[in-house]
Amino acid sequence: MKIYRDCTVGNNVLIHAGVIIGSDGFGFAPQPDGSFVKIPQIGNVVIEDNVEIGANTTIDRGSGHDTIIGPGTMIDNLVQIGHNVVLGRGCVLAALVGISGSTQIGDFVMIGGQAGFAGHLKIGSGARIAAQSGVMRDVAPGETVCGAPAVPIGLFMRQVAILQRLAKKKDGG
């Protein structure tokens, strides 16, 4: 486990082996010659009370604003939380979730394993993200999404049903 300088960890926080809190986020500015210049990551990480962080999870420090993990949030193993991400209270993240920088996640959001998020998104409170979803747009409060790209669960189920019917017709069934 490694906790970098100036990071804040609240009370009753359980941090498992291999966790990294406060490493630099992925920030580079392209230059006219095609090279890249590293953008200083000067924010911190704030872990609020009653949080559990699973083994080998990485939480990047903010590039300007702090990365914040809300109280009562449960994070499984092998999760990547990018710079400036804000997780609300009582969120649950299953293994292999990847959240790109500056994404804001409301309270009591449930995220299934291997879900990935593009950056700068807003995920409303009470939203549910199905496993292996690729979230590339904002998600409304209470909405359940599935698929890649993630769409509302009802639409996803209709798409699957239509594909199954088309495949059956093609096979002569």
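**View 1. Phe108, in a loop with a positive phi.** At 45% relative accessibility, Phe108 counts as partly exposed. This is a predicted model, and in it Phe108 sits in the loop between S16 and S17. Look at the backbone here: phi is near 55 degrees, a positive value in a residue that is not glycine.

**View 2. The salt bridge between Asp107 and Arg89.** The side chains of Asp107 and Arg89 come together in a salt bridge, with 3.1 Å from N to O. Asp107 lies in the loop between strand S16 (104–105) and strand S17 (110–111), and Arg89 in the loop between strand S13 (86–87) and strand S14 (92–93), so the pair ties together parts that are 18 residues apart in sequence. Both partners can be reached from outside to some degree: Asp107 is partly exposed, with a relative accessible area of 21%, and Arg89 is also partly exposed, at 41%.

**View 3. The salt bridge between Arg137 and Glu143.** A search of the whole structure turns up 4 salt bridges, and this view shows one of them, in which the side chains of Arg137 and Glu143 meet at 3.1 Å, N to O. The two ends fall into separate exposure classes: Arg137 is partly exposed, with a relative accessible area of 32%, while Glu143 is buried at 18%, because the cut-off for buried is under 20%.

**View 4. The salt bridge between Arg5 and Asp6.** Here the side chains of Arg5 and Asp6 form a salt bridge, 3.8 Å from N to O. Arg5 is exposed, with a relative accessible area of 53%. Asp6 counts as exposed too, at 53% relative accessibility.

**View 5. A nonpolar patch on the surface.** Met1, Ile3 and Val9 make a nonpolar surface patch of about 260 Å². Of these, Val9 belongs to strand S2 (residues 8–9). Val9 is partly exposed, with a relative accessible area of 33%.

**View 6. Ile123 in the largest nonpolar core.** In soluble globular proteins, nonpolar side chains tend to be buried together. The largest nonpolar core of this model has 33 residues, and Ile81, Phe117 and Ile123 are the ones that touch the most other members. Setting aside neighbours within four places in sequence, Ile123 is in contact with Thr103, Gln104, Ile105, Gly106, Val109, Phe117, Ile129, Val135, Arg137 and Val139. You may recognise Arg137 in that list as the salt-bridge partner of Glu143.

**View 7. Thr57, a buried loop residue.** Thr57 is found in the loop between strand S8 (52–53) and strand S9 (58–60). Thr57 is nevertheless buried, with a relative accessible area of 0%. A polar atom of the Thr57 side chain lies 3.3 Å from the backbone nitrogen of Val79. Not counting residues up to four places away in sequence, Thr57 touches Gly18, Val19 and Ile20, along with Ile75, Asp76, Asn77, Leu78 and Val79.

**View 8. The cis peptide bond at Pro149.** Ala148 and Pro149 are joined by a cis peptide bond, with omega at about 0 degrees. Pro149 is placed in the loop between strand S22 (144–146) and strand S23 (151–152).

**View 9. Gln132, another loop residue with a positive phi.** Gln132 is not a glycine, yet has a positive phi of about 60 degrees. Its place is in the loop between strand S20 (128–129) and strand S21 (134–135). Gln132 is exposed, with a relative accessible area of 54%.

Technical notes
Residues numbered from 1 in each chain as written. Predicted model: local features only at pLDDT ≥ 70, side-chain atom pairs only at ≥ 80, totals over all residues. Heavy atoms only, no water. Helix = DSSP H or I, 4+ residues; strand = E, 2+ residues; numbered from the N terminus. Buried < 20%, exposed > 50% of the residue type's maximum accessible area, 1.4 Å probe, protein only. Polar contact = N/O pair within 3.5 Å; in protein donor to acceptor, adjacent residues only side chain to side chain. Contact = heavy atoms within 4.5 Å. Patch = residues over 30% accessible without salt bridge, like charges linked within 9 Å, V, L, I, M, F, W, Y side chains within 5 Å. Areas by Shrake-Rupley, 256 points an atom, 1.4 Å probe, with all protein chains shown as cover. Core = buried A, V, L, I, M, F, W, Y, C linked by side-chain atoms within 4.5 Å.
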